[in-house]
Amino acid sequence: MSGTKKLPRAIYERELLRLQVELVKLQEWVRAEGARLVVVFEGRDAAGKGSTIKRVTEHLNPRVVRIAALPSPTERERTQWYFQRYIEHLPAAGEIVLFDRSWYNRAGVERVMGFCTPEEHRRFLQQCPIFERLLADDGILLRKYWFSVSVDEQERRFRARLDDPMRRWKLSTIDLQSVTHWEDYSRAKDDMFVHTDTAESPWHVVESEEKRRGRLNMIAHLLASVPYYEVPRQAVSLPPRPEPTGYFRPDRRLQTYVPDHAATLLPR
């Protein structure tokens, strides 16, 4: 696999910041134009989807950009049309929604782990291109990214999470079972691509063996795929502070303050 040499941190951070400035411009364009943008993040467990989403949203307005990471469906949702619970999370005008996993759960984990029937899986592959065509026909901008990682790198990341109390929560039972279903997931992904990698809604594969490269490549591609422009900003200035009118702050002893934990960290 080419292009997996680790990118120097200084180069990575400089380019990431530049791209994040452009993401802010994209956000303001979406607001100004009333556009609707959906970005789907899919891929194997530990492929780098979550860390990329974190970098995308780091400097964006959460009122404009939302992350949709749906839990397992409820008993009621299991009886609905499959796409129904995803539809309510689609953006309104001036919004961006990032799907941290999406309706493609049915093509991957649900198929491999037996959470759906073969008939439900077949129906999904038949309906999904139609569903996405309807989104595009209604003016929604849809971008789909598949994060690709090798079996060895996935195992290395899993082991690193096992030893890290800050990241151990990322390892679910399903994640651990994926280790024994590598080829099953590969076949499911290949089948999914055959049916859903369409001209109207293509998949874009992100080589994520080296996370820094993967993040930069994904963000740069997203920006290049949307015809945004820099929206002129209205000049703003702070108003003059009015003259005091006799307000006096209440005695501090009447309020309960958070203890100064930071002071305990200083040398005595």
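**Exercise 1. Does Glu 42 count as buried or exposed, and at what relative accessibility?** Work it out on this predicted model, then describe the surroundings of Glu 42.

*Solution.*
- Start with the location: Glu 42 sits in strand β1, residues 36-43.
- Next, take the accessibility. Glu 42 has 3% relative accessibility, so it counts as buried; the cut-off for buried is under 20%.
- Now look for partners beyond four places in sequence. Glu 42 touches Lys 49, Arg 101, Ser 102, Tyr 104, Asn 105, Tyr 145, Trp 146, Phe 147 and Trp 203.
- Pick out Trp 146 from that list. Glu 42 and Trp 146 are 104 residues apart along the chain, yet their C-alpha atoms are separated by 4.8 Å.

**Exercise 2. Find which residues of helix α7 are buried, and work out how they are arranged around the axis.**

*Solution.*
- Get the helix in view first: α7 runs over residues 151-162, which makes 12 residues. From first C-alpha to last, α7 reaches 17 Å, close to the expected 16 Å.
- Then list the buried residues of α7: Glu 153, Gln 154, Arg 157, Phe 158 and Arg 161.
- These five cover an arc of only 140° around the axis, so they are on the same side of α7.
- The spacing fits a general rule: an α-helix has 3.6 residues a turn, so residues three or four places apart point the same way.
- Flip to the other side of α7, and you'll find Asp 152 and Arg 159 exposed.
- Finally, ask what does the covering. The cover over the buried residues of α7 includes α8 (173-178), α9 (182-196) and α10 (211-225).

**Exercise 3. Describe the lining of the largest cavity, then do the second largest pocket.**

*Solution.*
- Count cavities: the structure has 1 of 30 Å³ or more. The largest cavity holds about 50 Å³ of space.
- Its lining is made up of Leu 23, Leu 26, Leu 37, Val 56, Leu 60, Val 65, Ile 96, Leu 98 and Leu 222. The elements giving two or more residues to this lining are α1 (9-33) and β3 (95-100).
- Sort that lining by class and you get 9 nonpolar, no polar and no charged residues.
- Over to the second largest pocket, with about 160 Å³ of space. It has 12 lining residues, and nearest its centre lie Arg 44, Trp 146, Ser 148, Val 149 and Lys 189.
- β4 (141-148) and α9 each supply at least two lining residues of this pocket, and α9 provides the largest share, 5 residues.
- By class, the pocket lining splits into 6 nonpolar, 3 polar and 3 charged residues.

Terms used:
Residues numbered from 1 in each chain as written. Predicted model: local features only at pLDDT ≥ 70, side-chain atom pairs only at ≥ 80, totals over all residues. Heavy atoms only, no water. Helix = DSSP H or I, 4+ residues; strand = E, 2+ residues; numbered from the N terminus. Expected span 1.5 Å × (residues − 1). Buried < 20%, exposed > 50% of the residue type's maximum accessible area, 1.4 Å probe, protein only. Arc of directions from axis to C-beta. Contact = heavy atoms within 4.5 Å. 1 Å grid on protein atoms, 1.4 Å probe; cavity = no way out; pocket = protein on both sides within 12 Å on 5 of 7 lines; lining within 4 Å. Points joined across faces, edges and corners; volume = space filled by probe spheres on them. Nonpolar A, V, L, I, M, F, W, Y, C, P; charged D, E, K, R; others polar.
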